Amino acid sequence: MNSWINLDALWKIVVVGLLTGAGLPALFALGLRLLNPPGPPGLSGRTGEAAVDRPAAGPVGYALAVLSFAVVLASIGWGISVIVGHS
């Protein structure tokens, strides 16, 4: 192996980068989608059409959305505590 590149550290950095760089925004977007489920098929959202009621999220949707937001906030708090703890 190459003595300049620590492959063990490199894969850990890549995994953490993917989780925080793409995973947390995706989890936040999932929480938003759980709060606002899609409407019935064929609803285009164009103006001039009759208003169609969108379905409500329901208690399970709210619970899962709160859980996803809590995970995002907890990881942000953990990241801040790691940064502050090392300075």
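Leaving aside neighbours within four places in sequence, with which residues is Ser68 in contact? In this predicted model, Ser68 is in contact with Leu27 and Gly31 once those neighbours are set aside. The surroundings of this residue are described below, after an account of the chain as a whole.

The protein chain contains 2 helices and 0 strands. Of its 87 residues, 9% are buried. The area exposed by the chain amounts to about 7,000 Å², and 73% of this area is supplied by carbon and sulfur atoms. When contacts between residues at least 6 apart in sequence are considered, 52% of them join residues at least 24 apart.

Helix H2 comprises 28 residues and runs over residues 58-85. At 1.5 Å a residue, a span of 40 Å is expected for this helix, and the end C-alpha atoms are 40 Å apart, so the expected and computed spans agree. Within H2, the residues Gly61, Ala65, Ser68 and Val72 are buried. An α-helix has 3.6 residues a turn, so residues three or four places apart point the same way. The buried residues of H2 pack against helix H1, which covers residues 7-35.

Ser68 is located in helix H2. Its relative accessibility is 5%, and Ser68 therefore counts as buried, the cut-off for this class being under 20%. The side chain of Ser68 reaches the backbone oxygen of Ala65 at a distance of 2.8 Å. Ala65 is itself among the buried residues of H2. Beyond the neighbours within four places in sequence, the contacts of Ser68 are with Leu27 and Gly31.

Aromatic residues were considered next. A search of the whole structure finds 1 aromatic pair. This pair is formed by Phe28 and Phe69, whose ring centres are 5.4 Å apart and whose planes lie at 50°; the pair is therefore tilted. The class follows from the angle, because planes under 30 degrees apart count as stacked, those over 60 as edge-to-face and the rest as tilted. Phe28 belongs to helix H1 and Phe69 to helix H2, and the pair thus links distant parts of the chain, 41 residues apart.

Both members of the pair fall between the buried and exposed classes, whose limits are under 20% and over 50%. Phe28 has a relative accessibility of 39% and so counts as partly exposed. For Phe69 the relative accessibility is 21%, and this residue likewise counts as partly exposed.

Technical notes:
Residues numbered from 1 in each chain as written. Predicted model: local features only at pLDDT ≥ 70, side-chain atom pairs only at ≥ 80, totals over all residues. Heavy atoms only, no water. Helix = DSSP H or I, 4+ residues; strand = E, 2+ residues; numbered from the N terminus. Buried < 20%, exposed > 50% of the residue type's maximum accessible area, 1.4 Å probe, protein only. Contact = heavy atoms within 4.5 Å. Areas by Shrake-Rupley, 256 points an atom, 1.4 Å probe, with all protein chains shown as cover. Expected span 1.5 Å × (residues − 1). Polar contact = N/O pair within 3.5 Å; in protein donor to acceptor, adjacent residues only side chain to side chain. Phe/Tyr/Trp six-rings, centres within 6.5 Å; stacked < 30°, edge-to-face > 60°.
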